[in-house]
Amino acid sequence: KKKEWAKLKDEATVTEDGHHVELAANIGTPEDVDGVLDNGGEGIGLYRTEFLYMGKNQLPTEEEQFDAYSSVLKQMGDKPVVVRTLDIGGDKELDYLDLPDEMNPFLGYRAIRLCLERDDIFRTQLRALLRAGVYGNLKIMFPMIATLDEFRQAKAILMEEKDNLKSEGVDVAENFEVGMMVEIPATAVIARQFAKEVDFFSIGTNDLIQYTMAADRMNERVSYLYQPYNPAILNLVSNVIDAAHAEGKWAGMCGEMAGDEIAIPILLSLGLDEFSMSATSILPARTQLLGLSQEEMKGYKDELLSMGTADEVVAFVKEKAGLA
Ligand code: PEP
Ligand code: MG
């Protein structure tokens, strides 16, 4: 099987009926890029920048960040690289920020919430990104957006730093896309309104599932409720993709679900444009997609979305996608 996969390393991901999707990878450090290219990644759909901030006792400098971001962008050449701004908090803590303990860290002060308040931290990261963007195909993505105001504020700060750098005579990226993670149900519900203002969506199912099902993604006792195939999740995902397309934007997914054998036919039926996963899942996913017909899967969309339980969805997909 490994040999069969390897042959597909440099192939585009085109379904049986000629529909192209993009298979990208999730990474955490510049050292991960080799693995992405070795496994035939067409881009990076999620660069988690938290690692730069973790395992040390102070914030990374603008230069340290510039080195990491530009290294990734250079290695990827003209392939797209979606860099997510700092998503700290929740399960990822930073001791040196000395934040108070919270009752519900996953519902608390984290990610964009922290960045908009501590905009000194945010601006340093954005400057590093804008400078690094000169070296490749940069796309910037904000995590944990809950409201349109947050997106607008984050984007305004980004554009301010771009102007600042330019007036300092520094080279910066010019035509880069600015998008957001859809991982809070509120944004999935009114994706139509967001789609007018973003360049793209990337659906973060790891969090979207926990928030939609009210089931902590780390808690074993409620893990039975953590259901990627629950029709509630599928309806939200579908709404996000349709909203993006109605505004001529693209929709990707960078949660674990994007690389899952049962989810892939479903996501194809819903029209997902970009699937971002761990590098080692790319060739198996490509192999699977080459054998699927998007037209056929699209024919199942309405039926899937009107099902009542995750079990029904799984049984149906296994049969239709030849996984039984
Ligand atoms: C997600 O929430 O699906 C996601 C990709 O982000 P993280 O796993 O880093 O929270
Ligand atoms: Mg998340």
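**Ligand 1 and the strands beside it**

Reader: In this predicted model, in which helix is Asp-207 found?

Author: Asp-207 belongs to the residues that surround ligand 1. The helix to which this shell owes the most, with three residues, is α9. The helix in which Asp-207 is found is likewise α9.

Reader: Is Asp-207 buried or exposed?

Author: A residue counts as buried when 20 or more other C-beta atoms lie within 10 Å of its own. For Asp-207 there are 22 other C-beta atoms within 10 Å, so the residue is buried.

Reader: Which residues does UniProt list for "binding site", and why do they gather at one spot?

Author: The unreviewed UniProt entry lists Glu-183 and Asp-207 for "binding site". They span 25 residues in sequence, yet they gather at one spot because no two of their C-alpha atoms are more than 5.4 Å apart. Both residues also figure in the shell around ligand 1. The listed residues are thus Glu-183 and Asp-207.

Reader: Which residues does Glu-183 touch, leaving aside those up to four places away in sequence?

Author: Glu-183 lies in the loop between β5 and α7. It counts as buried because 26 C-beta neighbours fall inside 10 Å. Not counting residues up to four places away in sequence, its contacts are Met-144, Gly-204, Asp-207 and Leu-208.

Reader: How many charged residues are in the shell around ligand 1?

Author: The shell includes Arg-48, Asp-87, Glu-183 and Asp-207, along with Leu-46, Gly-204, Thr-205, Asn-206, Cys-254 and Gly-255. The elements that give two or more residues to it are β2 and α9. Two of the shell residues are nonpolar and four are polar, while the number of charged residues is four.

Reader: Which residue is the bridge partner of Met-180 in β6?

Author: Strand β5 covers residues 177-182. β5 and β6 run parallel and are joined by three bridges. In β6, the bridge partner of Met-180 is Phe-201.

Reader: Through which helix does the chain cross from β4 to β5?

Author: β4 and β5 run parallel, with four bridges between them; Lys-139 stands opposite Glu-177 in β5. The β-α-β crossover between these strands is right-handed, and the helix through which the chain passes is α6.

Reader: How many residues of helix α11 are buried?

Author: Helix α11 comprises residues 263-270 and is mostly covered. Among its buried residues are Ile-264, Pro-265 and Ser-269. The helix is followed by Gly-271, whose phi is positive, near 95 degrees. Of the eight residues in α11, the number buried is eight.

Methods:
Residues are numbered from 1 along each chain as its sequence is written. Chains are lettered from A and ligands numbered from 1 in the order in which they are written. This is a predicted model: local features need pLDDT of at least 70, side-chain atom pairs count only at pLDDT 80 or more; totals for chains, interfaces and linings use all residues. A residue is buried if 20 or more other C-beta atoms lie within 10 Å of its own, exposed if 12 or fewer, and partly exposed in between; C-beta atoms are placed from the backbone. Two strands pair if DSSP finds at least two bridges between them. A crossover is right-handed if, with the strands pointing away from the viewer, the path from the first strand over the helix to the second runs clockwise. A residue is near a molecule or strand if its C-beta atom, placed from the backbone, lies within 6 Å of it. Ala, Val, Leu, Ile, Met, Phe, Trp, Tyr, Cys and Pro count as nonpolar, Asp, Glu, Lys and Arg as charged, and the others, Gly among them, as polar. UniProt positions are given in the numbering used here, feature names are shortened, and annotations may be inferred rather than shown by experiment. Two residues are in contact if their C-beta atoms, placed from the backbone, lie within 7 Å.
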